[in-house]
Amino acid sequence: MKEECGVAGAILHDPAPPTNIVAFKLYYALYALQHRGQDSTGIVVFDGSKSKSIKSMGLVSEAYSKPKIQDLIGYVGVGHVRNATKGTHNLENCQPFVLNFKGGTIALAHNGSLVNAALLKDELESEGRIFTTDLDVEVIALLLVKELLKHDAVGAIKNVMRRINGSYSLVIMINGDLYAVRDPFGIKPLCYGEIDGGYAVVSETVALDTINGKFVRDLKSGEILAFTKEGKVESYQTNKEDVAAHCIFEFIYLARPDSIIDGQLVYAARERIGKQLAIEYPADADIISPVPDSGIAAAIGYARESKIKYLEGLMKNRYIGRTFILPSQEAREMAVRLKMNTINDNLRGNSVVLVDDSVVRGTTSRRIIDMIKRAGAKEVHLRVASPPIIGPCYLGIDMPTRDELIAVHKTIEGVCAAVNADSIGYLSIDGLVKAIGIDKSRLCLGCVTEQYPVDIPGEKCCRKQCRMDDFIPAQDLK
C-alpha cells in the first residue's frame, strides 16, 4: 500500500524584492513529505508576472540542486510529491499542474482521488478540451478555469467543489494568491501554519516543523483558505454541517509518526493501537518485535501493555531504491532480504510476537515470517494493527483490488496458515476507533467495512452525501 501524494504551498506577505525563499521552503517541506510519494516531484513559483517550475522523476534529493532552487524566484509557490499508479509513471504526470488561460496562470497540487473523474473528463472532452495527463488534477484545473472566467477565485473553487466527488486536499496558486482546499469530508490531511514572513500549507505538520513553521490548525472539512500577498488569511466554509471521514490508514501506516493529524499525534495513536491489540489478542511469548518502520510504535504499545520485552528482530535497510524491475522470483526474494534482515541472536530460541501495521496480499508477511523462523525463532505470533482489509480504496491510496486482498478470500485461520504464522490476531474495528481517538462517525473505514463516505458505483455509501444543495450559497460563504 502506498499513499499517492503529498502537497505543499507557501506565500510571503511582501512580494518585493523577488526572493527564492519560497522555493527553498517548499523544497524542505517536500523533503519532509517524501514518505507520501517517491516517484516524482515538482515545484512551481510565481514572481508577480510569470511562473517558473521544476518537475522531475525520482526523489526530492535527486530532482533539485541548489542552483536550480536559487533560480526559482517568486513570493508564492506550490509543490508536490507523488507515487505513480500503474501506467502513469512518466514526467507528463508530474505535479503541480500548470495552466495558462486568458485570466492568468494557475498551478494546482492534489492529494486524493476523484471517483467521478472519468465522467467529468468525458464531459470536458465533449466540449473540445484536450488532456495532456492521466491526472485527476487536470480535470480539476480545467473545471476551475471555466469557473474563473465567470466568478472570483473563491466562488470558482466553490463551484468546482460542487462538481467533483471523492477525496482532495488541494493547494492552488491563482495569479499570485494561494488557496488551500479540503474536501467536504476531510478525507486527506491538510494543515497550515505561520512561517517567517508568510504562511505555508502542507499535508502533514512535520513539513511545518522542518521549515521552522508554527502550526496553526488543520483545515476543516469543506474549507477553503485564501492567502493573499498582503498577508490576509480568509476562511470560507462550504459545508452546512460539521461532517468528517478522515482516513484511518493515515493513523495506522501512511503518515509520519511525528505528525499531528486532526488533533491526534500519530505516534501516540499507534502506541494506543498496540496496547489495544495486546488487550484483544494477548500471546504467550518471549519478545515483542515490530516489522519496521510502521510497526514500531504499535509494537512498543503491545510490549508495554503485555509486559513482554520489546526486542527488535528485524532491521530495515533504509537506503534501498525501488525493486519492482527485478526480473525473476529469485531476485524478488533477494530484494525482500535486502530491504529487511534478521537479527538472529535476538530471535534464536524465542517465541516472537511480530507486530505489523496491516496484511494486504499476505506475500510479504509470509516471506518475513519465514525469515524469522529460519533465524531460529520457535514460534511467530502475528499481530496486525488494523482490521482485515476487505475493500479497495478509491480515495487516494494505491491499494490492490479485491481479487488480490487475502482477507477477502480466506478466513482468519486461512490467512494464518497462508502466512505461516503460529497464530494471528487482527485489531477490531471498535478497538481501532478507540485507539485513534476520533469518533467513528468522523472516520473513513471503507477498506475494512466496505462502506464508503462518498457514492462509488457498485459500493455501499454509509452516509448522506454532501450534495450541491448542501453547500452554503456563494454570497454567504465565510
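## A walk through the aromatic rings and the overall fold

At a relative accessibility of 42%, Tyr 28 counts as partly exposed, because that value falls between the 20% limit for buried and the 50% limit for exposed. Keep in mind as you look around that this is a predicted model. The residue just before it in the numbering, Tyr 27, has a relative accessible area of 15%, so Tyr 27 is buried.

Let's look at how these two side chains sit together. A pair of aromatic rings is described by the distance of the centres and the angle of the planes. For Tyr 27 and Tyr 28, the ring centres are 4.8 Å apart and the planes meet at 70 degrees, so this pair is edge-to-face. The reasoning rests on a cut-off: planes over 60 degrees apart count as edge-to-face. Which residues join Tyr 27 and Tyr 28 in one aromatic cluster? They are Tyr 31 and Tyr 64.

Now move along the chain to Tyr 192 and Tyr 199. Their ring centres lie 6.3 Å apart and their planes are at 55 degrees, so the pair is tilted. Here the angle is neither under 30 degrees nor over 60, which means that neither stacked nor edge-to-face applies. Are Tyr 192 and Tyr 199 buried or exposed? Both of them are buried. In total, the count of aromatic pairs comes to eight.

Next, let's visit the surface. Ile 260, Leu 265 and Tyr 267 together make a nonpolar surface patch of about 220 Å². One of these residues, Leu 265, belongs to strand β17, which covers residues 264–265. With a relative accessible area of 37%, Leu 265 is partly exposed.

Finally, step back and take in the whole chain. How many helices and strands does the protein chain have? There are 17 helices and 28 strands. The radius of gyration is 23 Å, close to the 23 Å that the globule rule gives for 478 residues, so the protein chain is as compact as a globular protein of that length. Measured out along the principal axes, the C-alpha atoms fill a box of roughly 70 × 50 × 40 Å.

What about the inside and the outside? Buried residues make up 58% of the 478 residues in the protein chain. Among contacts with a separation of 6 or more, 69% link residues 24 or more positions apart. On the outside, the protein chain exposes about 19,500 Å², and carbon and sulfur atoms supply 50% of that area.

Methods. Residues are numbered from 1 along each chain as its sequence is written. This is a predicted model: local features need pLDDT of at least 70, side-chain atom pairs count only at pLDDT 80 or more; totals for chains, interfaces and linings use all residues. Side-chain values use heavy atoms; hydrogens and water are left out. Patches are made of residues with over 30% relative accessible area and no salt bridge: like charges are joined within 9 Å, nonpolar side chains (Val, Leu, Ile, Met, Phe, Trp, Tyr) within 5 Å. Accessible areas come from the Shrake-Rupley method with a 1.4 Å probe; for residues, only the protein chains shown count as cover. A salt bridge is a side-chain nitrogen of Lys or Arg within 4 Å of a carboxyl oxygen of Asp or Glu. Helices (H or I, at least four residues) and strands (E, at least two) are DSSP runs, numbered from the N terminus. Buried means under 20% relative accessible area, exposed over 50%, partly exposed in between (1.4 Å probe, protein chains only). The radius of gyration is taken over C-alpha atoms; the globule rule is 2.2 Å times the number of residues to the power 0.38. Contact means heavy atoms within 4.5 Å. Rings of Phe, Tyr and Trp (its six-membered ring) pair if their centres lie within 6.5 Å; planes under 30 degrees apart count as stacked, over 60 as edge-to-face and the rest as tilted.
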